[in-house]
Amino acid sequence: MKNKDNDTNFNSPLGVVGTINCFIVYNELTLAEKTAQNLLQSELVNKVYILATPENNTVIAGCERIEIDSFKSTETLKKIADKSDTAYSLIYTKDTTLELGQYALERFYHIANDTNAGLVYSDYYQISEGLRTNLPLIDYQEGSLRDDFNFGSVLFYDAKILKKAVAETTENFLHAGLYNLRLKVSQHSELIHINEFLYSEVEHDIRKSGEKLFDYVDPKNRAVQIEMETACTDHLKKIGAYLAPKFKSIEFNKGDFPVEASVIIPVRNRVKTLEDAIKSVLMQKTTFAFNLIIVDNFSTDGTSEIIQKYAQLDKRLIHVIPNRHDLGIGGCWNAGVDSTECGKFAVQLDSDDVYKDENTLQTIVNAFYEQNCAMVIGSYTMTNFKLETIAPGLIDHKEWTPENGRNNALRINGLGAPRAFYTPVLREIKVPNTSYGEDYALGLYFSREYQIGRIYESVYLCRRWDDNSDAELDVVKMNGHNFYKDKIRTIELKARKKTPNPSRYIGINCGE
């Protein structure tokens with residue numbers, strides 16, 4: 001063991017001798033040995049601990065073994081905290097070989113020391129199928145509450161803050177321990193991102209972005225999600241952003257509308273899919289009058305001609321062409337909602353997708369009245385272009401409960417579909433003029449004061465095909481999307497911290 005007198009023993013100007021304890025996951029002996037030896041080459045490393053389950057009892061030279069139940073459990077983190085007797089603790093979260101860059105540990109050390117950060121993480125190189133590519137990350141912010149935030153696999157903690165965060169944990173998590181640790185660390189200090197590629201890691205998950213998108217709602221991950229919700233809810237209470245399940249009541253008598261409901265489809269150049277979407281709306285059977293407003297954002301591929309054809313055949317179809325050229329999907333939604341043809345409820349349908357059957361619209365409108373809500377979110381089934389069900393099948397977002405949905409919404413990256421809104425409230429709030437995340441921003445904003453109605457059976461078919469906007473995104477585009485949604489959450493957290501006791505909403509008549 002190296003000298004741990006961190007105040008006086010400098011090996012070089014680059015850092016302090018023996019100031020880091022490292023914790024690595026054991027799965028395959030050769031890989032763990034390589035990672036351990038790579039770490040032990042640095043004078044900054046005091047000791048390497050191997051985190052291994054009972055069946056993996058091989059000893060690695062120069063390392064100490066810690067027996068664990070699950071890498072992400074509270075019990076494992078307690079054992080890590082107990083061994084965190086140096087200034088910093090490095091946790092490597094993958095079981096493949098870690099290759100450190102030049103003076104990488106020194107860089108982690110100095111930035112952690114200079115900033116007093118509780119956690120430092122960096123960009124890295126990803127090795128997949130033999131190819132090495134840059135994997136830039138994004139800055140952590142207050143709204144970075146999603147449990148899939150990518151810190152990379154090297155987590156560099158201030159040991160004192162790590163120990164404090166673990167000591168404050170009262171839940172015994174099996175899956176959410178590491179997520180809970182990050183949230184508690186953020187309550188005490190900053191989480192700092194180094195915009196430098198400091199190491200390389202091997203990545204085995206080579207699925208496209210569109211295939212990874214729905215992992216968190218896969219039914220087999222339900223137990224994990226429940227733990228994550230518990231950790232996030234506790235965090236919101238600690239920082240003063242939790243909202244109790246008390247909402248403004250609504251009487252749906254505000255304003256005069258030409259129809260009860262309007263389906264709104266923003267579209268640009270979807271000649272391949274739009275006709276199916278139109279047919280699925282016009283076939284709806286309802287007890288009320290409805291129309292279909294298609295906001296055509298200057299299509300050039302024949303989409304406009306399809307809209308005109310159906311508008312001539314059915315007067316319920318309203319063809320809207322915006323009076324400006326700077327609109328994203330959200331801006332097109334505003335154009336549709338602001339139209340004098342818009343009904344009391346505005347209901348979403350993407351130009352790629354279709355309603356499940358002829359009862360979808362009636363089911364959605366019924367939910368407004370039955371659940372007294374300003375917004376309704378349904379459930380949908382993932383299909384291919386031929387409408388054949390594909391994995392993960394039904395996306396019902398059961399993590400949204402009446403009791404805690406609006407708090408848990410800050411942890412996840414989407415709220416479901418189709419979405420529908422009480423038009424007077426939507427006209428007041430407005431839709432962000434973006435083409436990504438505008439629906440999520442609305443969901444958070446609505447849920448701050450109003451109940452969000454839920455339909456848990458499938459009413460919508462979401463078709464996956466090569467031209468879907470999120471089918472395969474590069475890392476820069478994904479980072480942009482994730483940063484935007486984190487920013488939305490940051491803004492929402494600040495607003496919720498300002499929100500007085502929401503019990504004041506009980507009995508308020510929003511329709512007056």
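1. Let's start with helices H2 and H4 in this predicted model. H2 covers residues 74–82 and H4 covers residues 159–167. Their axes come within 9 Å, with a crossing angle of roughly 145°. As for handedness, H2 and H4 cross in the left-handed sense.

2. Which residues make the contact between H2 and H4? From H2 come Leu77, Lys78, Ala81 and Asp82, and they meet Leu162, Lys163 and Val166 of H4. By class, four residues of this contact are nonpolar and three are charged, while no polar residue takes part.

3. Now for the empty space inside. The structure holds one cavity of 30 Å³ or more. The volume of the largest cavity is about 50 Å³.

4. If you'd like to find the largest cavity on screen, pick out its lining: Thr74, Leu77, Val166, Thr169, Gly177, Asn180 and Leu181. Two of these names will be familiar from the helix pair: Leu77 and Val166 line the cavity, and both also belong to the contact of H2 with H4.

5. Which helix gives the most to this lining? That is H5, with three residues. H5 spans 177–186, and both H2 and H5 supply at least two lining residues each.

6. A last point, on the chemistry of the cavity wall. Its lining has four polar and three nonpolar residues, with no charged ones. Set that beside the contact of H2 with H4, where three residues are charged and none is polar.

Definitions and conventions. Residues are numbered from 1 along each chain as its sequence is written. This is a predicted model: local features need pLDDT of at least 70, side-chain atom pairs count only at pLDDT 80 or more; totals for chains, interfaces and linings use all residues. Side-chain values use heavy atoms; hydrogens and water are left out. Axes are lines fitted to C-alpha atoms, for helices over the stretch in contact, and angles run from 0 to 180 degrees between N-to-C directions. Helices (H or I, at least four residues) and strands (E, at least two) are DSSP runs, numbered from the N terminus. A crossing is left-handed if the near helix is turned anticlockwise from the far one by less than a right angle, and right-handed if clockwise. Contact means heavy atoms within 4.5 Å. Ala, Val, Leu, Ile, Met, Phe, Trp, Tyr, Cys and Pro count as nonpolar, Asp, Glu, Lys and Arg as charged, and the others, Gly among them, as polar. On a 1 Å grid over the protein atoms alone, a cavity is a set of points where a 1.4 Å probe fits but cannot get out, and a pocket is an open set with protein on both sides within 12 Å along at least five of seven lines; lining residues have an atom within 4 Å of a point. Grid points are joined across faces, edges and corners, and a volume is the space filled by probe spheres set on the points.
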